[in-house]
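Student: I have a chain on my screen and would like to learn how to read it. Could you take me through it feature by feature?

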Amino acid sequence: MSVVDTRHNVQGWIAGARAALARDRGAFGDLARSEQAISEVVDILAVPEAAWADLSARAVEANAFYHPAWARAVARHVKGQVGMRALLAWDGPRKRRLIGLMLVAPAWNCLRLPLPVFVGWYAYAPLTTPLLDRDQPDDAAHALMKAAREAGAQALLLPALAMDGAVAAALRRATEPFAISPRVFNAHERARLDATQDIDEALAALGAKKLKELRRQRNRLADTGDVEYRVAAPGAEAVTALEQFLALEAAGWKGAAGTALAARQGDVAFMKEALPAMVREGAAQIVTLTSGDKVVAAGVLLRHAGRAYFFKIAYDEAFAKMSPGVLLTLDITRAMCADAAIDSVDSNAVANHPMIDHIWRDRQPIADLMLPTQAGASGFRLLAALIDARRALRDAARSLYHRLRKLKG
């Protein structure tokens, strides 16, 4: 074959390749983005805050607990937040745009297991859904897997992950090249409000008899003064409402048990740093129910991308017979259904919660999802078995503890 013939063949091959790429420009674009995306692992406080906030605004799925103000305040103040890291995915070497963020810690820090596993951060975050760019969720998921793998993690365990959204789907797709099925632990559902409903439709599940009883209790509460539901305004009013919430919680059963936020100085510092800032941004609300000049119930809600999150509630136990916590929840329900910016509200409650499950009848599927970061089924299966065994032992110990307490009682 002559040099001319060889050159013609090469030119023909190049022309054919260009034609093939032109026919499938969408696929080529996806591949190019995936190849250009880069990843890294950094301390959570080293994540550029502006890039983080920008990604949060572009996220394909909501998670208000991964708001930079919230997560950074936890990292700075809450005791035990050692080893918290951020897996980051960038659009390219120039790092012009952050396209993925997953907050993690080593398995030893979270589970006291010396395993090559990163665990999704869940301190004051009852949802570990990472933030993925809505335009590049698959690129971001692949890059986050790569970051974990290069940091030495053979698996990712994401506790309390929303299982019905775009993020869980993207993460599963990112593991397909490994030919290993992810493992699901602790699958359950928690109460969620469909805020697109008319308020009468939303409350109809309670039944006429229960609604009548709650109206009676509200009237009894009004005997000591006008009953008012209020959303604290940014600034001094939000700061005051937060103080009222902390005081109510500390005065109740959580205070007696030592689990109230006010029992730990770092937790108070975290709330006082994060919440007023998020209220100013419209990313949080502190709500109160008053009877006259007395606050009888208070709650904290976070907001992100069309979804709200009912983080905490506290009430004055001296008014327990009037169900102030339930009455506040009904007012929150009315407010959320009337808010055009909110489509749903996650209760963040345990499964089968005795109060909220009867009011909010929609359900949010939640589970702990364990994902491989590389090929090697035997290693992944062993890691999953060890984590499953730890969970079973913990559940057995908890059950025994409660039985012993009941016997002593």
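Tutor: Start with a long helix. What covers the buried residues of helix 15 includes helix 5 (107-111), strand 4 (117-120), strand 6 (155-162), strand 7 (183-194) and strand 13 (362-372). Helices (H or I, at least four residues) and strands (E, at least two) are DSSP runs, numbered from the N terminus. This is a predicted model, in which local features need pLDDT of at least 70, side-chain atom pairs count only at pLDDT 80 or more, and totals for chains, interfaces and linings use all residues. Residues are numbered from 1 along each chain as its sequence is written, and side-chain values use heavy atoms, with hydrogens and water left out.

Student: Which residues of helix 15 are buried?

Tutor: Buried means under 20% relative accessible area, exposed means over 50%, and partly exposed lies in between (1.4 Å probe, protein chains only). In helix 15 the buried residues are Phe 380, Leu 383, Ala 384 and Ile 387. Now look at the spacing. An α-helix has 3.6 residues a turn, so residues three or four places apart point the same way.

Student: How many ångströms should helix 15 span?

Tutor: The expected span is 1.5 Å times one less than the number of residues. Helix 15 covers residues 377-408, which is 32 residues, so 46 Å is expected; its end C-alpha atoms lie 47 Å apart, which agrees. Helix 13 (residues 324-338) is another case: its 15 residues reach 21 Å from first C-alpha to last, close to the 21 Å expected.

Student: Is helix 13 largely enclosed or open, and why?

Tutor: Largely enclosed by the rest of the structure, because twelve of its 15 residues are buried. Among them are Pro 324, Val 326, Leu 330, Asp 331, Met 336 and Cys 337.

Student: Cysteines interest me. How many disulfides does the structure hold?

Tutor: Zero. A disulfide here is a pair of cysteine sulfur atoms within 2.5 Å. Check the exposure of individual cysteines too. Cys 337 has 14% relative accessibility, so it counts as buried. Cys 110 has 24%, so it counts as partly exposed.

Student: Where is Arg 264 found?

Tutor: In the loop between helix 11 (253-257) and helix 12 (265-281). At 34% relative accessibility, Arg 264 is partly exposed. Next, ask what Arg 264 touches. Contact means heavy atoms within 4.5 Å. Leaving aside neighbours within four places in sequence, Arg 264 is in contact with Tyr 124, Gly 258 and Thr 259. For distance, take Arg 264 and Cys 337: they are 73 residues apart in sequence and 35 Å apart in space, C-alpha to C-alpha.

Student: What is Pro 137 in contact with, leaving aside its neighbours within four places in sequence?

Tutor: Leu 132 and Ala 170. Pro 137 sits in helix 6 (residues 137-150). Its relative accessible area is 18%, so Pro 137 is buried. The C-alpha atoms of Pro 137 and Ala 169 are 9.5 Å apart, with their places 32 residues apart along the chain.

Student: Is Ala 50 buried or exposed?

Tutor: Exposed, with a relative accessible area of 64%. Ala 50 lies in helix 3 (residues 49-58).

Student: How should I read backbone angles?

Tutor: Look at the sign of phi. Most residues other than glycine have a negative phi, and most peptide bonds are trans. Lys 95 has a positive phi of about 55 degrees although it is not a glycine. Lys 95 lies in the loop between strand 2 (85-90) and strand 3 (98-106), and is partly exposed at 36%. Arg 112 also is not a glycine, and has a positive phi of about 60 degrees. Arg 112 lies in the loop between helix 5 and strand 4. At 52% relative accessibility, Arg 112 counts as exposed.

Student: Now the whole chain. How many helices and strands does it have?

Tutor: The chain has 15 helices and 13 strands. Its C-alpha trace spans about 105 × 50 × 40 Å along the principal axes. Of the 409 residues, 49% are buried. Among contacts with a separation of 6 or more, 76% join residues 24 or more positions apart.
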